[in-house]
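Colleague: I would like to learn how to read a model like this one. Please take me through it one feature at a time.

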Amino acid sequence: VLMILVLLCAGMDKYHSSTRFAPLRDAPFALRGAFGTSNSSFNNMDGLRHSSSIGQARSYTSSPLGALRQKMPPSGNRSLHTSRPLSTPVANRPLSPHLPLKKPQLSATFSISHRIFGAALGAAIISIPLATRFGVMFEV
Amino acid sequence: MGIGEHFEGVKQHWARNFAFLDYFKKVYGRDQPLPKWSDADVEEFIASDPVYGPQLKALRESRKFALGGALAGAAHLGGVAFKYSKSPHGVVLATGFGALTGAVLGSEVAEHWYELYKMDKQGANLRFIYWWEDKVSGVLL
């Protein structure tokens, strides 16, 4: 039942923004009974308690669309960001080229040269009071 | 022409504004550079001059505050960046900026610890330079 609902929701892109508030719009008429039984709060809490014991805790368990939210995300229960020590390389595979391919446009060139110039100017400006303050200490 | 006088006035105005750079000319702007002095020479000057010796000594002590502050700041900010970010350039930049801020904070602590605001720091340095000039020219002569 849940897989069918997932496929229906994926197909209805136009109503994607409002599906959470109109659950009965895209469900076929025949499944309305199934909606009613699985929408009961007792069943929802059982299912959500079980899934939260496996992996991620869901904060929106009390919404009336709890039956829809019980589906597993395609990535499973893995956390979004894996922590990795700085010493190991980030990827042992070749990356797809981006910089050698994109044609340098005026907007992008302008933007990065503006940033580089701003950083250099900031460094130059702040070096004057720094040199004055520490030059007295470290000269003699 | 009047315009030439005007530009002479402009140059004089900026020469007055940047007159503090004359202090650096005493060491760096010489025709022939002074022979490099060692810490022992500085210690000798500190022992010999009763007024400016202690001032120079306090100035040199304040270096330790600045370096300690730089180390603490670099370790702290670099550690925070290392903990929360995995970008190596971010960690390097954070360590550098932490060193800078820590050095300023350490020198400010030293400024109040040794009461450096009461003394003429450039004057103390210049007194040593003049003493060193006399000593070197005396040895050569």
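**A buried asparagine and its neighbours**

Modeller: Let's start with B:Asn125, which counts as buried because its relative accessibility is 1%. Buried means under 20% relative accessible area, exposed means over 50%, and partly exposed lies in between (1.4 Å probe, protein chains only). Before we go on, a word on the ground rules. This is a predicted model, in which local features need pLDDT of at least 70 and side-chain atom pairs count only at pLDDT 80 or more, while totals for chains, interfaces and linings use all residues; side-chain values use heavy atoms, with hydrogens and water left out. Residues are numbered from 1 along each chain as its sequence is written, and chains are lettered from A and ligands numbered from 1 in the order in which they are written.

Colleague: Where is B:Asn125 found, and which residues does B:Asn125 touch?

Modeller: B:Asn125 sits in helix H6 of chain B. Helices (H or I, at least four residues) and strands (E, at least two) are DSSP runs, numbered from the N terminus. For touching, the rule is heavy atoms within 4.5 Å. Not counting residues up to four places away in sequence, B:Asn125 touches A:Val136, A:Glu139, A:Val140, B:Tyr23, B:Leu56 and B:Leu59. With B:Tyr23 there is also a polar contact of 2.9 Å between the side chains. A polar contact is a pair of N or O atoms within 3.5 Å; within protein, one must be able to donate a hydrogen and the other to accept it, and residues adjacent in sequence count only if both atoms are side-chain atoms.

Colleague: That list includes residues of chain A, so I'd like to look at the interface. How many residues does each chain give to the contact, and what area is buried between the chains?

Modeller: The size of an interface is often given as the accessible area lost when the parts come together. Here that loss is summed over both parts, with a 1.4 Å probe. Chain B contributes 24 residues and chain A 10 residues, and about 1,700 Å² is buried between them, 69% of it from carbon and sulfur atoms. B:Arg63, B:Lys86 and our B:Asn125 provide 27% of the area that chain B buries against chain A, more than any other three residues.

Colleague: How many salt bridges are counted between chain B and chain A?

Modeller: There is 1 salt bridge between chain B and chain A, joining the side chains of A:Arg133 and B:Glu108 at 2.5 Å, N to O. The rule is a side-chain nitrogen of Lys or Arg within 4 Å of a carboxyl oxygen of Asp or Glu. The interface also has 5 residue pairs in polar contact, both at pLDDT 80 or more. On chain B, helix H2 (22-28), helix H4 (52-84), helix H5 (88-113) and helix H6 (121-140) each supply at least two residues of the side that touches chain A. H4(B) gives the most, with 7 residues.

Colleague: Now for salt bridges within a chain. Which parts of chain B does the pair B:Glu44 and B:Lys135 tie together?

Modeller: For a pair like this, check the distance and then the places in sequence. The closest N and O atoms of B:Glu44 and B:Lys135 are 3.9 Å apart. B:Glu44 lies in helix H3 (residues 39-48) and B:Lys135 in helix H6 of chain B, so the bridge ties together parts 91 residues apart in sequence. B:Lys64 and B:Glu61 also form a salt bridge, at 3.0 Å; being 3 residues apart in helix H4 of chain B, they are separated by about one helical turn.

Colleague: Let's finish with chain A. How many helices and strands are there in chain A, and what span should helix H5 have?

Modeller: Chain A has 5 helices and 0 strands, and 16% of its 140 residues are buried. The expected span of a helix is 1.5 Å times one less than its number of residues. For the 34 residues of helix H5 (residues 106-139) of chain A that gives 50 Å, and the end C-alpha atoms are 46 Å apart, which agrees. H5(A) bends by about 30° at A:Ala131, the bend being the angle between axes fitted to the seven residues ending there and the seven starting there. Buried residues in H5(A) are A:Leu130, A:Phe134, A:Val136, A:Met137 and A:Glu139. Among these, A:Val136 and A:Glu139 bring us back to the start, since both are touched by B:Asn125.

Technical notes: Buried area = accessible area lost by both parts, 1.4 Å probe.
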